[in-house]
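Good morning, and thank you for coming. I would like to take you through one structure, beginning with a single residue and then widening the view.

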Amino acid sequence: MISNRKIFLRNSPPERSARMVESVFRCKWSLTVYQLLAEDINRPGEMVRSVEGLSTKVLNECLRKNIEFGIIKRIEYNEIPPKVEYLVTPFGQKFIRILDQLKELQNEMNV
């Protein structure tokens, strides 16, 4: 018997955004990185020193993933020693607002 159910493609926009949210939440450090950036802690070394248990390797993986999604951007300064900073993009600001709304929804569900 042939099924009449629709099959959604992986590259459809809702699926891509859902995968992005899942990926961010799967990385337990992404939300911490957003909080650090909100507090103007935007240099990698300072981030690692500010959070107990956060290693440079894990931070770099988290930053790389968020750059790929366009949530944050990397700024490299032509200095010696090299200086790198990370900033939230305009898209990232919208995305973080959505995450904040999800958090509010979760809080309402727990009441």
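**A walk through the model**

Let us begin at Asn42, which lies in the loop between H2 and helix H3, the latter formed by residues 44-50. Please keep in mind throughout that this is a predicted model. Is Asn42 buried or exposed? With a relative accessibility of 14%, Asn42 counts as buried, because the limit for that class is under 20%. Which residues does Asn42 touch, once neighbours within four places in sequence are left aside? Its contacts are Leu37, Met47, Val84, Glu85, Tyr86 and Leu87.

The loop between H2 and H3 also holds Asp40. Here the picture is one of exposure: Asp40 has a relative accessibility of 64% and counts as exposed. Its backbone also deserves attention, for Asp40 shows a positive phi of about 60° although it is not a glycine. Asp40 follows H2.

Let me now step back to the chain as a whole. The protein chain contains five helices and two strands. Read from the N terminus, the order of elements is α-α-α-α-β-β-α. The chain has 111 residues, of which 26% count as buried. About 8,700 Å² of the protein chain is exposed, and carbon and sulfur atoms supply 53% of that area. As for contacts between residues at least 6 apart in sequence, 44% of them join residues at least 24 apart.

With that overview in place, I turn to the helices, starting with H2. The buried residues of H2 are Ser30, Val33, Tyr34, Leu36 and Leu37. Viewed down the axis of H2, these buried residues fall within an arc of 160°, so they line one face of the helix. Leu37, as noted, is also among the contacts of Asn42.

Just ahead of H2, Lys28 occupies the loop that connects helix H1, residues 13-26, to helix H2, residues 30-38. Lys28 is exposed, at a relative accessible area of 63%. Along the chain, Lys28 and Cys62 are 34 residues apart, and their C-alpha atoms are separated by 9.0 Å.

Cys62 brings us to H4, where Leu59, Cys62, Leu63 and Asn66 are buried. Where do these residues sit around the axis of H4? The buried residues of H4 fall within an arc of 100°, so one face of the helix is lined by them. On the face turned away from that buried side, H4 carries the exposed residues Lys57 and Glu68. The length of H4 can be checked as well: its 14 residues, 56-69, should span 20 Å at 1.5 Å a residue, and the end C-alpha atoms are indeed 20 Å apart, which agrees. After H4 comes Gly70, whose phi is positive, near 85°.

Next, the strands. Pro81 lies in the loop between strand S1, residues 72-77, and strand S2, residues 83-88. The peptide bond leading from Ile80 to Pro81 is cis, with omega near -5°. In addition, the charged end of Lys83 sits over the ring of Tyr77, at 4.8 Å from the ring centre.

The final element to consider is H5. Its 20 residues should span 28 Å at 1.5 Å a residue, and the end C-alpha atoms are 29 Å apart, which agrees. Which residues of H5 are buried? They are Gly92, Phe95, Ile96 and Leu99. These residues cover an arc of only 100° around the axis, which puts them on the same side of H5. On the other side of H5, the exposed residues are Pro90, Lys94, Gln101 and Glu108.

H5 leads to my last topic, the aromatic rings. How many aromatic pairs does a search of the whole structure find? The search finds one. Phe91 and Phe95 form this pair, which is stacked, with 6.4 Å centre to centre and 20° between the planes. The two residues are four apart in helix H5, residues 90-109, and are therefore separated by about one helical turn. Their surroundings can be given as well: Phe91 counts as partly exposed at 37% relative accessibility, whereas Phe95 counts as buried at 5%.

That concludes the tour, and I thank you for your attention.

Notes: Residues numbered from 1 in each chain as written. Predicted model: local features only at pLDDT ≥ 70, side-chain atom pairs only at ≥ 80, totals over all residues. Heavy atoms only, no water. Buried < 20%, exposed > 50% of the residue type's maximum accessible area, 1.4 Å probe, protein only. Expected span 1.5 Å × (residues − 1). Arc of directions from axis to C-beta. Contact = heavy atoms within 4.5 Å. Areas by Shrake-Rupley, 256 points an atom, 1.4 Å probe, with all protein chains shown as cover. Phe/Tyr/Trp six-rings, centres within 6.5 Å; stacked < 30°, edge-to-face > 60°. Lys NZ or Arg CZ within 6 Å of the ring centre and 35° of its normal.
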